[in-house]
Amino acid sequence: MTQLFGDDAFERVPRVLAPGATWVPDWLDVEQQAWIVRRFAEWADGPVPIRHPRVGAHEMSVRNVCLGRHWRPGGYSRVADDVNGRAVLPVPDWLVRLGRRAIAATGDAETAASYTPDAVLANYYDLDAHMGMHQDRDEPSGAPVVSISIGDSCTFRFGNTAGRGRPYEDIRLASGDLFVFGGPARLAFHGVVRIHPGTAPSGIGLASGRINLTLRSTGLAP
Ligand SMILES: O=C(O)CCC(=O)C(=O)O
Ligand SMILES: [Fe+2]
C-alpha cells in the first residue's frame, strides 16, 4: 500500500548502492512493460520452451528461457542440450538498444556505446519462487549485467563480492525498475528473497508473478 509519506516515496529515487551497482526505479513506462510481457510469452513457447533449470538433482524454483545463448547453471551453450537440443532465439535489436540505454542511464556513456548483449536470461518467478545468493560468473567478460523487472515486486538482496553473507542490502525491485551491476560490483552476490503478491501495476498484462530479464555481454566466442 502506497502512503503519501511512506518510505517508498523517499526510497524510489535513482541510487548507487555500491560503486558499479545502480538502481533506477520506474525506468520503463507501463506501455514498455506490457511490450516485454507480450514478448516474454512468445519466448516461453520456444524453440526452447521455458523450464526450471536444474542444479544436479535440484530444480530451481524460477522458470527460465534464454535468448542469444542457452544458459544452464554453470555455463552457456549454443544449443539447449539439457532441454531439447535446439538453438534459442536471437537477442532482438530492441533489447540491444535497451541495454545501451540502460548503461547510459547509469552515466557511463562510453560503455553504453559499445554494449552488445549476446545472451539474455528471462526468468519468471511465481509467488513461491526465489533465487538464492549467487554471483553471475559464467561470463568471461567484465561487462555490466543489466537487470529489468516486470510484474510483482520482489525483495532483492544485493550483497558483497566476498561471500553470500552480510553485509547486504534488501531493496524492493518493482515493475519497470532497472538495476545494473558492473565495475567493482560485477561479481557481487545477489538473490531474490521473495515475491510480493498483488503488487504489479494494472495494464501490463501480467496478473501474477514477476519477470526478470538480465542482459549479458558474455565475452564468449561467437
Ligand atoms: O531476478 C532477479 O532480479 C535476479 C536474477 C538473477 O540474479 C539471475 O538471473 O542471475
Ligand atoms: Fe544473478
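I will talk through a predicted model of one chain with a bound ligand, going from confidence to the annotated domain, the ligand shell, the annotated binding site and the nonpolar core.

Let me begin with how far the model can be trusted by its own scores. The chain has a mean pLDDT of 96, and 97% of its residues reach 70 or more, while the model as a whole scores ipTM 0.99 and pTM 0.96. As a general caution, where pLDDT is low, the predicted coordinates should not be read in detail.

Now to the annotation. An unreviewed UniProt entry places the feature "domain: Fe2OG dioxygenase" at residues 116-219. In the model, that stretch is 43% strand and 0% helix, and its end C-alpha atoms are 10 Å apart.

Next, the ligand. Which residues surround ligand 1? The shell is made up of L121, N123, M131, D136, S147, S149, F156, H190, V192, N212 and T214. Sorted by class, six of these are polar, four are nonpolar and one is charged. If you want to find the shell by strand, look at β8 (119-125), β10 (145-151), β14 (190-195) and β15 (210-216), each of which supplies at least two of its residues.

Two of the shell residues, D136 and H190, come up again in the annotation, since the unreviewed UniProt entry places a "binding site" feature at H134, D136 and H190. These three span 57 residues in sequence, yet no two of their C-alpha atoms are more than 8.7 Å apart, so they gather at one spot.

Taking two of them individually, H134 lies in strand β9, which covers residues 131-134, and H134 counts as exposed because only 12 other C-beta atoms lie within 10 Å, the cut-off for exposed being 12 or fewer. Apart from neighbours within four places in sequence, H134 is in contact with F189 and G191. D136, by contrast, is found in the loop between β9 and β10, and D136 is partly exposed, with 16 C-beta neighbours inside 10 Å.

Finally, the interior. The largest nonpolar core has 49 residues, and the members that touch the most others are C66, V120, A122 and I211. Strand β8 gives the largest share of this core, six residues, and β8 is also one of the strands that supply the shell around ligand 1. What does V120 touch, leaving aside its neighbours within four places in sequence? The contacts of V120 are C66, L67, G68, V91, L95, L213, T214 and L215, and one of these, T214, is also among the residues surrounding ligand 1.

Key:
Residues numbered from 1 in each chain as written. Chains lettered and ligands numbered in written order. Predicted model: local features only at pLDDT ≥ 70, side-chain atom pairs only at ≥ 80, totals over all residues. UniProt positions renumbered as here; feature names shortened; annotations may be inferred. Helix = DSSP H or I, 4+ residues; strand = E, 2+ residues; numbered from the N terminus. Near = placed C-beta within 6 Å. Nonpolar A, V, L, I, M, F, W, Y, C, P; charged D, E, K, R; others polar. Core = buried A, V, L, I, M, F, W, Y, C linked by C-beta atoms within 7 Å. Buried ≥ 20, exposed ≤ 12 C-beta atoms within 10 Å, placed from the backbone. Contact = placed C-beta atoms within 7 Å. pLDDT = per-residue confidence, 0-100.
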